[in-house]
Amino acid sequence: MKRVTGIGGIFFKSADPQALSAWYRDHLGLDTADWGGAIFPWGGEGSPAGMTLWSPFKQDTNYMAPSTASFMINFRVADLDALLAALREEGCNVVGDPQVSEQGKFGWVLDPEGNKIELWEPPAGQ
């Protein structure tokens, strides 16, 4: 079974996400969107198209809980349900219930150091 296929995003806590996004826009040229993050598209010309997100979150976000880390990596996966089942069988700490939205399927696991990892199966064609 194919597991991780790429990095879907890098998410991290910030004391002032809007100001930080503006700094990255103004000084490093990130094309930040209204929601505060940036999308890096990739692929094409014979390669599958996709994207990687860069996104600061408010310092008090609970999105990365139960981890106390200030960051979370989102990995693209080929088959979320099969991967979560395999992780459970392997004794990994799968947290929460998978979520499905127009952006795809999402699931989470804690690594051995307690960092929350987001697993993302994009919608077909992405």
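The second largest pocket in this predicted model has a volume of about 190 Å³. Its walls are made by F11, P17, Q18, D34, W35, G36, L53, S55, P56, F57 and Y63. Two elements give two or more residues each to that lining, namely helix 1 (17-28) and strand 3. Strand 3 is the top contributor here, with four residues. Sort the lining of this second pocket by class and you get seven nonpolar residues, three polar ones and one charged.

Now move over to the largest pocket, which comes in at about 280 Å³. Its lining counts 13 residues, and if you look for its centre, M51, L53, Q103, F106 and W120 are the ones nearest to it. Strand 1 (4-14), strand 3 (47-58) and strand 7 (116-121) are the elements that supply two or more residues to this lining. By class, the lining of the largest pocket splits into seven nonpolar, five polar and one charged. L53 is worth a pause, since it turns up in the lining of the second largest pocket and also among the residues nearest the centre of the largest one.

Strand 1 has another spot to look at: K13 sits in it. What is the nearest side chain of opposite charge to K13? That would be D60, at 8.5 Å, and K13 has no salt bridge even though it is buried. A salt bridge would need a distance within 4 Å. Leaving out residues up to four places away in sequence, K13 touches F57, K58, Q59, T61, M64, A69 and S70. One of these contacts, F57, takes you back to where we started, as F57 also lines the second largest pocket.

Definitions and conventions: Residues numbered from 1 in each chain as written. Predicted model: local features only at pLDDT ≥ 70, side-chain atom pairs only at ≥ 80, totals over all residues. Heavy atoms only, no water. 1 Å grid on protein atoms, 1.4 Å probe; cavity = no way out; pocket = protein on both sides within 12 Å on 5 of 7 lines; lining within 4 Å. Points joined across faces, edges and corners; volume = space filled by probe spheres on them. Nonpolar A, V, L, I, M, F, W, Y, C, P; charged D, E, K, R; others polar. Buried < 20%, exposed > 50% of the residue type's maximum accessible area, 1.4 Å probe, protein only. Lys, Arg positive; Asp, Glu negative; His and termini not counted. Contact = heavy atoms within 4.5 Å.
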